[in-house]
Amino acid sequence: MDPKITQEYAAAAEELANVLDRELPQAVNLEEHKAVRQRFDAAERAWYEMMGAEQA
């Protein structure tokens with residue numbers, strides 16, 4: 001296992017959670033959400049690939 005992939009997956013998940021948990025008036029910025037979500041999705045794909053599992 002590559003710890004860098006796991007660390008990136010965890011960091012991307014935390015960043016996505018932080019963006020989604022913001023309270024008004026700091027509502028979710030759609031462009032920021034899209035960028036953070038793309039980072040999370042890429043990290044998730046890499047992690048699943050590393051684990052030899054298929055994504056659901």
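**Two helices and a shared core**

Trainee: Which residues form the largest nonpolar core in this predicted model?

Mentor: There are seven: Tyr9, Ala12, Leu16, Val19, Val36, Phe40 and Ala43. Helix H1 (3-20) and helix H2 (30-51) each supply at least two of them. H1 gives the largest share, four residues.

Trainee: What makes this set a nonpolar core?

Mentor: Two tests. The members must be buried residues of the listed nonpolar types, and they must be joined through side-chain atoms within 4.5 Å. The seven residues, Tyr9 and Phe40 among them, make up such a core. In general, nonpolar side chains in soluble globular proteins tend to be buried together.

Trainee: Which residues does Phe40 touch, leaving aside neighbours within four places in sequence?

Mentor: Phe40 is in contact with Tyr9, Ala12, Ala13 and Leu16. Contact here means heavy atoms within 4.5 Å.

Trainee: Which residues of H1 are buried?

Mentor: Tyr9, Ala12, Leu16 and Val19. Buried means under 20% relative accessible area. H2 is part of what covers these residues.

Trainee: Why are the buried residues of H1 said to line one face of the helix?

Mentor: Look down the axis of H1. Its buried residues fall within an arc of 95 degrees, so they line one face. An α-helix has 3.6 residues a turn, so residues three or four places apart point the same way.

Trainee: What is exposed on the other side of H1?

Mentor: Pro3, Gln7 and Glu14 are exposed there. The cut-off for exposed is over 50%.

Trainee: How do you know what span to expect for H1?

Mentor: Use 1.5 Å a residue. H1 has 18 residues, and the expected span is 26 Å. From first C-alpha to last, H1 reaches 26 Å, close to that expectation.

Trainee: What caps the N-terminal end of H1?

Mentor: Asp2 does. A side-chain oxygen of Asp2 lies 2.9 Å from the backbone nitrogen of Lys4. A polar contact needs N or O atoms within 3.5 Å, and 2.9 Å is within that limit.

Trainee: Why does Arg37 count as partly exposed?

Mentor: Arg37 has 35% relative accessibility. Buried needs under 20% and exposed over 50%, so 35% falls in between. Arg37 sits in helix H2. Its C-alpha is 8.7 Å from that of Ala13, 24 residues apart along the chain.

Trainee: And the chain overall: how many helices and strands are there?

Mentor: Two helices and zero strands. Buried residues make up 14% of the 56 residues. The accessible surface comes to about 4400 Å², with 52% belonging to carbon and sulfur atoms.

Notes:
Residues are numbered from 1 along each chain as its sequence is written. This is a predicted model: local features need pLDDT of at least 70, side-chain atom pairs count only at pLDDT 80 or more; totals for chains, interfaces and linings use all residues. Side-chain values use heavy atoms; hydrogens and water are left out. Buried means under 20% relative accessible area, exposed over 50%, partly exposed in between (1.4 Å probe, protein chains only). Accessible areas come from the Shrake-Rupley method with a 1.4 Å probe; for residues, only the protein chains shown count as cover. The expected span of a helix is 1.5 Å times one less than its number of residues. The arc is that of the directions from the helix axis to the C-beta atoms. A polar contact is a pair of N or O atoms within 3.5 Å; within protein, one must be able to donate a hydrogen and the other to accept it, and residues adjacent in sequence count only if both atoms are side-chain atoms.
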